[in-house]
Amino acid sequence: MGASRPTRAVATTGRWAFFQAHVDIAEFTEQLGLAEAHVVTPLMFQYGLIERARADRRRIVLPEGEDDRILRAAATVLAREVADLTILGDEASVRARAAELGLDIGAAQVLSPTDPELVERFAAEYARLRAHKGITLAQAADTVTDVSYFGTMMVHLGLADGMVSGAVHTTAHTIRPSFEIIKTKPGVNVVSSVFLMALADRVLVYGDCAVIPDPTSEQLADIAISSATTARQFGIDPRVAMLSYSTGESGSGADVDKVRAATALVRERAPELPVEGPIQYDAAADAAVAKAKLPDSAVAGRATVFVFPDLNTGNNTYKAVQRSAGAVAIGPVLQGLNKPINDLSRGALVDDIVNTVAITAIQAQGDAA
């Protein structure tokens, strides 16, 4: 047999060694724009949420212990040590149902919302908080046995660090107690929400897509600043786009003027925050469009926080992106409250609940910092 020819692998190795010897690879990759990779896939982002929650575990209360999805999510949270849990419901019934489903929730605390000692304590505090509304102790005792009020009182009094509910109850039922008991952070006038939109290669923040139907300019400014704070909390560098059907000075009308006024308020209240508005979605998200429409903007073409002018626009957009682009929509994440309370969709899947527990735990870590 004749001499064997070099294999392709050997030839490739030789060429790579020659390349390394004659080319400054660091400079070459920088020139190509490859020096740093900032791709964050949905799986990477969700993994990061779980790991951050595990690093400093918090106690989260789940008021809807009668729902099988909650029990399945609780078993996952406990198995992965994402958070410590309190589940509300009749203890015998909750544990029996978990056993029927083959779930281990042994590490969870199970509390009855009619526990006499806690009802007495919660009623006294609720009556104190709502005395200006004429709430009597008897009325308070009746109110706090509602699971949403009971769970919120646990958070208020430090028996839990956060609450996740809404798999069974409406958004209003879940968050109304927080308006009365937890209340908003200093300097924040409204409670709003964001969705963390995990696209194929990055995570964006969309607000408000769940709470405020038709925000005023002042409320839009609140939403923008709160959304930027939430973005930072989850490792996203906030560059805020105040969305409208017009970009820059090209349009006029009440809707555009509202966004323009909101943008001015954001710049006044948070001068360090990169913000652009009014701006259309394509100019905010696409570098080529941004170059044509707002070439000197620090936000256009690279926005990470998208603030929608109203609930109709925001809710439809997040669902369109979720379904059409295959994005993972995590949320709604409530923001602006003194302590974290988060609402689930009534169609929430088990993974959605696990993610929301992790997000709530991370918010609680930030509140404790």
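Where in the chain is the place of Glu81? Glu81 sits in the loop that runs between helix H4 (68–79) and strand S2 (84–88). Keep in mind as you look around that this is a predicted model. What makes Glu81 worth a stop is its backbone: phi there is near 55°, a positive value in a residue other than glycine. With a relative accessibility of 41%, Glu81 counts as partly exposed, because that value falls between the 20% limit for buried and the 50% limit for exposed.

Let's step back and take in the whole protein. There are 15 helices and 11 strands to find. Of the 369 residues, 49% are buried. Now think about who touches whom. If you take the contacts with a separation of 6 or more, 70% of them join residues 24 or more positions apart.

How far can you trust what you see? The average pLDDT of the protein is 90, and 89% of the residues score at least 70. Two stretches need more care. Residues 1–13 stay under 50 in pLDDT, and the model gives them 0 contacts beyond four places in sequence. Over residues 33–37 the pLDDT is below 50 too, and that stretch has 3 contacts beyond near neighbours in sequence. Where pLDDT is low, the predicted coordinates should not be read in detail.

Next, try a little sum on helix H6, which covers residues 116–129. At 1.5 Å a residue, its 14 residues should span 20 Å, and the end C-alpha atoms are indeed 20 Å apart, so the two agree. Which residues of H6 are buried? They are Leu118, Val119, Phe122, Ala123, Glu125, Tyr126, Ala127 and Leu129. An α-helix has 3.6 residues a turn, so residues three or four places apart point the same way. Try spotting that pattern among Leu118, Phe122 and Tyr126, which are part of the buried set. As for partners, the buried residues of H6 pack against strand S3 (109–111), helix H7 (137–143), helix H8 (147–156) and H9.

That brings us to H9, where you'll find Ser178. Is Ser178 buried or exposed? Its relative accessibility is 0%, so it counts as buried. Leaving out residues up to four places away in sequence, Ser178 touches Thr152, Lys183, Leu337 and Ile341.

Follow one of those contacts to Lys183. Lys183 is in the loop between helix H9 (171–181) and strand S5 (192–198). Its phi is near 65°, again a positive value in a residue other than glycine. Lys183 has a relative accessible area of 38%, so it is partly exposed.

While you're checking the backbone, look for two cis peptide bonds. One runs from Gly207 to Asp208, with omega near -15°. Asp208 lies in the loop between strand S6 (203–207) and helix H10 (217–233). Another runs from Gly277 to Pro278, with omega near -5°, and Pro278 belongs to strand S8 (residues 275–279).

Finish at the largest pocket, which holds about 650 Å³ of space. It is lined by 30 residues, and the closest to its centre are Phe195, Tyr318, Gln322, Gly331 and Ser345. Helix H14 (311–324), strand S10 (328–335) and helix H15 (350–368) each supply at least two residues of the lining. What mix of classes does the lining have? There are 12 nonpolar, 12 polar and 6 charged residues.

Key:
Residues numbered from 1 in each chain as written. Predicted model: local features only at pLDDT ≥ 70, side-chain atom pairs only at ≥ 80, totals over all residues. Heavy atoms only, no water. Helix = DSSP H or I, 4+ residues; strand = E, 2+ residues; numbered from the N terminus. Buried < 20%, exposed > 50% of the residue type's maximum accessible area, 1.4 Å probe, protein only. 1 Å grid on protein atoms, 1.4 Å probe; cavity = no way out; pocket = protein on both sides within 12 Å on 5 of 7 lines; lining within 4 Å. Points joined across faces, edges and corners; volume = space filled by probe spheres on them. Nonpolar A, V, L, I, M, F, W, Y, C, P; charged D, E, K, R; others polar. Contact = heavy atoms within 4.5 Å. pLDDT = per-residue confidence, 0-100. Expected span 1.5 Å × (residues − 1).
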